[in-house]
Amino acid sequence: SASAPTIDPATIAQQSGICGTPGSQYGNMASTRYTAPTGLFASEGTLYVGDATEHYVLQMNSNGVTAKYFGNGNDDTFNDPDRTVSHIRAPAGIFCVPGAASYVYVCDSAAHTVRRIETHLTPANAVETYAGSANNGGYNDAAWTLAQFLQPTGIVVKSTGLVVVADKMNHCLREIASDKTVTTRAGKGT
């Protein structure tokens with residue numbers, strides 16, 4: 001079988017975006033403009049870039065074509081219908097789980113939540129608040145939307161399915177179990 005195309009980080013660094021010229025523009029790699037790129041993740045030939053000021057995640061394919069992937073560019077509300085119309089407030093960390101059960105996880109830093117996009121189900125692109133109390137930042141180890149984060153900014157998913165989140169303003173690392181229970185694993189929180 002053919003392998004997935006790869007994205008060369010050096011090429012992206014040299015050709016993606018117009019340095020020194022912030023803005024909201026996507027299409028070909030050379031003309032793309034970012035205002036505040038904050039999260040990056042490459043998976044299976046695709047690069048995901050979060051823009052915290054523009055309130056969306058862009059997706060760049062192996063040919064350098066950039067398109068809006070998640071978020072509509074507004075931060076005025078919080079909703080979870082699907083990735084094409086959902087609002088996101090300051091996407092930061094991004095992590096993709098490829099394969100048959102594929103997901104894209106995004107730290108929604110300003111809304112104090114972790115969002116998950118289901119890319120493998122029909123219909124694809126459903127968005128859910130995976131953990132955190134939307135627009136209610138704080139510190140609380142609890143289940144699902146009763147848990148609280150304070151500006152989550154980094155995320156990884158371990159091979160066991162355990163999600164690890166860097167909770168910036170709580171000064172700690174948090175874990176989200178498969179039942180969506182959030183616990184603090186390193187640091188004391190605030």
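The exercises below deal with a predicted model and are each followed by a worked solution. Residues are numbered from 1 along each chain as its sequence is written, and side-chain values use heavy atoms, with hydrogens and water left out. Local features need pLDDT of at least 70 and side-chain atom pairs count only at pLDDT 80 or more, whereas totals for chains, interfaces and linings use all residues.

**Exercise 1. Elements**

State how many helices and strands the protein has, and in which order they run.

Solution. Take helices (H or I, at least four residues) and strands (E, at least two) as DSSP runs, numbered from the N terminus. The protein then has one helix and 12 strands. Reading from the N terminus, the order is α-β-β-β-β-β-β-β-β-β-β-β-β.

**Exercise 2. An open sheet**

Which strands stand at the edges of the sheet with the order 9-10-11-12?

Solution. Begin with pairing: two strands pair if DSSP finds at least two bridges between them. Four strands in the order 9-10-11-12 make an open, antiparallel sheet. The edges are strand 9 (152–157) and strand 12 (182–186); each has a single partner strand, so one side of each has no neighbour in the sheet. From one strand to the next, the twist averages 30°, with axes as lines fitted to C-alpha atoms and angles from 0 to 180 degrees between N-to-C directions. Next, look at one pair: strand 11 (residues 172–176) joins strand 12 in the antiparallel sense through four bridges. Ile176 has Val182 of strand 12 as its bridge partner.

**Exercise 3. Two histidines with positive phi**

Find where His55 and His171 lie, and decide whether each is buried or exposed.

Solution. Start with the backbone. Most residues other than glycine have a negative phi. Phi of His55 is near 65°, and that of His171 is near 60°. Next, place them: His55 is in the loop between strand 2 (46–51) and strand 3 (56–60), while His171 is in the loop between strand 10 (163–167) and strand 11. Last, apply the cut-offs: buried is under 20% relative accessible area, exposed over 50%, partly exposed in between (1.4 Å probe, protein chains only). His55 has 13%, so His55 is buried; His171 has 55%, so His171 is exposed.

**Exercise 4. Cysteines and burial**

How many disulfides does the structure hold, and are Cys96 and Cys172 buried or exposed?

Solution. Look for cysteine sulfur atoms within 2.5 Å of each other. The structure holds zero disulfides. Cys96 has a relative accessible area of 4% and is therefore buried. Cys172, at 6%, is buried as well. For the whole protein, buried residues are 45% of the 190 residues.
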